[in-house]
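Please look at the sequence and the three-dimensional structure below before reading on. The paragraphs that follow lead from the interior outward.

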Amino acid sequence: MSNELILDASQIKRIKTYIKGLDENMQGGIPEGHIVLIHGSAGTMKSSLCFSMMYNEVLLNKRNCLYISLEQSYASILKNMVNMGFDMSKINIIYMNDLAKFGTLVKQINQNAGNLIITDIGCVRKQIKDIKVSENKSWLNVVKNIILKTAQEANVNFFTFDSLSALYTLSTFENPRMELFYFFEYLRDLNMTSLMISEESEDKANIFGSESFLSDGIITLRLTPFRRNIIREISISKMRSTKCNTDVFSFEFKNGSFYALYGGQNPLL
Ligand SMILES: Nc1ncnc2c1ncn2[C@@H]1O[C@H](COP(=O)(O)OP(=O)(O)O)[C@@H](O)[C@H]1O
Ligand SMILES: [Mg+2]
């Protein structure tokens, strides 16, 4: 299944972003196996967008997905998503609060439906304590372990990591660029389609250079002042193996769906 050579464009399988107006402008979605940065400043709806993609894949394609949040607790993620109108009763959600009990959790997997496994900082911290290694070095290892276990035992092949920026804050990497390189290699070996949330901030500008060349795609979200309004915007800055429209679209969430629109304005304003 993984890493087979693609010799015909029609063989490239894609996962939809479920943003109306954007999938149509990128040959249907993100190629499977891509590592895509979801980049933007705080409040640009990065987490909401990734959650929406996973929710829809679980609901419509019965895929098993994983959402790892180092920024928000499980309760906080659910509160946001319920407030946005996502009907949680329609999908099978599994909260993984302890990796050691993963064997029991796997039994909750519904083989006839999609499943969304959510894990948060509490689970990672517990695992670090359980294996009694120094916190500094183990965040990334525990994250990798969670990804590997869910891939092997629950067939997860699409995941969100929220966020790379939180990982840098929690860990002291001697060589962050190299760690990032090997993390991405690890995901590629698993053939994991990965949404990596990357927070825009000035002091992280240096590492963003490495994030961006190592990734297969970058979707950029912005909050742009326009007269007295702040407008949400979205653009595809990079998407390997994809013919895409790189225009800046206005980005809206209404009636339970995301939209990329020209908004009646010149998109290049
Ligand atoms: N129901 C809703 N409709 C539209 N926007 C919403 C809704 N609920 C929350 N938001 C917006 O989403 C923003 C937070 O989104 P979030 O995904 O947490 O952003 P980020 O992860 O980029 O920091 C809030 O600032 C709020 O403006
Ligand atoms: Mg967020």
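**From the core to the loops**

Leaving aside residues up to four places away in sequence, C65 touches M54, E57, V58, L116, V156, F158 and F159. The model in which these contacts are found is a predicted one. C65 also belongs to the largest nonpolar core, which has 60 residues. Among the residues with the most contacts inside this core are I38, M54, C65, L116, F159 and M196. Helix α1, residues 46-61, gives the most to the core, with seven residues.

Helix α1 therefore deserves a closer look, since 12 of its 16 residues are buried and the helix is largely enclosed by the rest of the structure. The buried residues of α1 are K46, S47, L49, C50, F51, S52, M53, M54, Y55, N56, E57 and V58. M54 thus appears both in this list and among the residues with the most contacts in the core. From its first C-alpha to its last, α1 reaches 22 Å, close to the 22 Å expected at 1.5 Å a residue. Just after the helix, K62 takes a positive phi of about 55°.

Which residues are around ligand 1? They are G40, A42, G43, T44, M45, K46, S47, S48, N80, N83, M84 and F253. Two elements give two or more residues to this shell, namely α1 and α2, the latter formed by residues 74-83. Helix α1 gives the most, with three residues. The shell divides into four nonpolar residues, seven polar ones and one charged one. K46 and S47 are part of this shell, and both are buried residues of α1.

The next residue to consider is I68, which lies in strand β5, residues 64-69. Is I68 buried or exposed? A residue counts as buried if 20 or more other C-beta atoms lie within 10 Å of its own. I68 has 25 other C-beta atoms within 10 Å, and it is therefore buried. Apart from its neighbours within four places in sequence, I68 is in contact with T119, V143, I146, F159, T160, F161 and D162. F159 is also in the list of residues that C65 touches. The C-alpha atoms of I68 and I118 are separated by 6.1 Å, although the two residues are 50 residues apart along the chain.

F102 offers another example of a residue and its surroundings. It lies in helix α3, residues 102-106. F102 is partly exposed, because 19 other C-beta atoms lie within 10 Å, and a residue needs 20 or more to be buried. Its contacts, leaving aside neighbours within four places in sequence, are M96, K149 and E153. F102 and G217 are 115 residues apart in sequence, and their C-alpha atoms are 31 Å apart in space.

Helix α7 shows how the residues of a helix can be arranged around its axis. At 1.5 Å a residue, its 14 residues should span 20 Å, and the end C-alpha atoms are 20 Å apart, which agrees. The buried residues of α7 are L180, F183 and L187. Seen down the helix axis, these buried residues fall within an arc of 60°, so they line one face of the helix. An α-helix has 3.6 residues a turn, so residues three or four places apart point the same way. On the other side of α7, M178, E185 and D189 are exposed.

Helix α7 is followed by N191, whose phi is positive. The value is about 55°, although N191 is not a glycine. N191 sits in the loop between α7, residues 176-189, and β9, residues 193-199. With 14 other C-beta atoms within 10 Å, N191 is partly exposed.

Two further loops contain backbone details of interest. Y18 is found in the loop between β1, residues 14-15, and β2, residues 19-20. Its phi is near 60°, a positive value in a residue other than glycine. Y18 is partly exposed, with 19 other C-beta atoms within 10 Å. The other loop lies between β8, residues 158-162, and α6, residues 164-170, and it holds S163. The peptide bond from D162 to S163 is cis, with omega near 5°. D162 has been met before, as one of the residues in contact with I68.

Notes
Residues are numbered from 1 along each chain as its sequence is written. Chains are lettered from A and ligands numbered from 1 in the order in which they are written. This is a predicted model: local features need pLDDT of at least 70, side-chain atom pairs count only at pLDDT 80 or more; totals for chains, interfaces and linings use all residues. A nonpolar core is a set of buried Ala, Val, Leu, Ile, Met, Phe, Trp, Tyr and Cys residues joined through C-beta atoms within 7 Å. Helices (H or I, at least four residues) and strands (E, at least two) are DSSP runs, numbered from the N terminus. Two residues are in contact if their C-beta atoms, placed from the backbone, lie within 7 Å. A residue is near a molecule or strand if its C-beta atom, placed from the backbone, lies within 6 Å of it. Ala, Val, Leu, Ile, Met, Phe, Trp, Tyr, Cys and Pro count as nonpolar, Asp, Glu, Lys and Arg as charged, and the others, Gly among them, as polar. The expected span of a helix is 1.5 Å times one less than its number of residues. The arc is that of the directions from the helix axis to the C-beta atoms.
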